[in-house]
Amino acid sequence: MILLIGVRESGRGVRGYFAAGVVGISKAMNLGALMRISHAFGASFFFTVDSRVRLSDAQSDTSRAHGQLPFYAFSSVEELKLPRGCQLVAVEITDGATELPRFRHPSRAAYLFGAERTSLPDEILSRALHVVKIPTKFSINVGMAGAIVLYDRLLSTGGFGARPIAPGRASEVPPRHVWGAPLARSRKSEPAS
């Protein structure tokens, strides 16, 4: 059994963490691209399930993500282990999937993408707590899908505030919350009942 430990997500003080993974990937270029995108958006770890390529062949990972974040390779769906409390989010074009713009990202999530030319296996879809789809007209490259989902996560959980009303105008970023001193009242100041 492998124990995965979540690390606080990098960025603007966001709580929680996320990971990205792919099932049955067969193209080294796509593996490298998804790893690099995951690293760029601050993933805590990366994983593969039933990969058909070696990590050393992923030359498109120019950020060398495999040396910067933990990498886990599971040989089957049954072997896949996630940290306690980590919610599996399957990304798949399927009936009943939630469209990405309507999806609230969990604070602790593992996003799992399908490989080239195939859909995610039914055993993954039934195991996933959430199934989301990118509202496109047709299927897109796994690296591009990863970039869209992780960017959406950043936008919705990163504390950037609402979009401006006027085009091109930047809105104020809300200040970080600062906890004040505890409020306490003296019992002597309370009126007698």
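Start by selecting Glu 99 and Arg 102. Their side chains meet in a salt bridge, with 3.6 Å from N to O. This is a predicted model, and the count comes to 1 salt bridge. Now check how open each partner is. Glu 99 is partly exposed, because its relative accessible area of 32% falls between the limits of 20% and 50%. Arg 102 counts as exposed at 69%.

**Zoom out: the whole chain**

Show the protein chain as a cartoon. Look for 3 helices and 7 strands. Trace them from start to end, and the pattern reads β-α-β-β-β-β-β-α-β-α. The chain has 193 residues, and 38% of them are buried. Turn on the surface next. About 12,300 Å² is exposed, and carbon and sulfur atoms supply 54% of that area. Contacts reach far along the sequence. Take those between residues at least 6 apart: 78% of them join residues at least 24 apart.

**The sheet**

Colour the strands. In what order do the 7 strands lie in the sheet? Read across: E3-E2-E1-E6-E4-E7-E5. The sheet is open and the pairing is parallel. Which strands stand at the edges? Select residues 71–74 for E3 and 98–99 for E5. Each has a single partner strand, so one side of each is left without a neighbour in the sheet.

Now go to helix H3, residues 142–157. This helix packs on the sheet and touches strands E1 (17–23), E4 and E6 (108–114). Compare directions here: H3 makes about 160° with E6.

**Inside the sheet: E4 and E7**

Select residues 87–91 for E4 and residues 130–133 for E7. These two strands pair in the parallel sense over 3 bridges. Zoom in on Val 91. Opposite, in E7, stands Val 132.

**One edge: E2 and E3**

Move to E3. Its link to E2 consists of 4 bridges, and the two strands run parallel. Select Phe 47, then find its bridge partner in E3, Tyr 72. Show the E3 side chains. In a regular strand, side chains alternate between the two faces of the sheet. Which residues of E3 lie on the covered face, and which on the uncovered one? Tyr 72 and Phe 74 are on the covered face. Phe 71 and Ala 73 are on the uncovered face.

**The loop before E3**

Step back to Asp 50. This residue sits in the loop between E2 (45–49) and E3. Check its backbone: phi is positive, about 55°, although Asp 50 is not a glycine. Is Asp 50 buried, partly exposed or exposed? Asp 50 is partly exposed, with a relative accessible area of 34%.

**Along helix H3**

Return to H3 and select Met 144, which lies in this helix. Met 144 counts as partly exposed, at 47% relative accessibility. Add Asn 30 to the selection. The two residues are 114 apart in sequence, yet 9.3 Å apart in space from C-alpha to C-alpha.

Continue along the helix to Leu 155, also found in H3. Its relative accessibility is 33%, so Leu 155 counts as partly exposed. Add Tyr 151 and Phe 160. What do these residues make together with Leu 155? They form a nonpolar surface patch of about 250 Å².

Terms used. Residues numbered from 1 in each chain as written. Predicted model: local features only at pLDDT ≥ 70, side-chain atom pairs only at ≥ 80, totals over all residues. Heavy atoms only, no water. Pairing = 2+ DSSP bridges. Contact = heavy atoms within 4.5 Å. Axes fitted to C-alpha atoms, helices over the stretch in contact; angles between N-to-C directions. Buried < 20%, exposed > 50% of the residue type's maximum accessible area, 1.4 Å probe, protein only. Patch = residues over 30% accessible without salt bridge, like charges linked within 9 Å, V, L, I, M, F, W, Y side chains within 5 Å. Areas by Shrake-Rupley, 256 points an atom, 1.4 Å probe, with all protein chains shown as cover. Salt bridge = Lys/Arg side-chain N within 4 Å of Asp/Glu carboxyl O.
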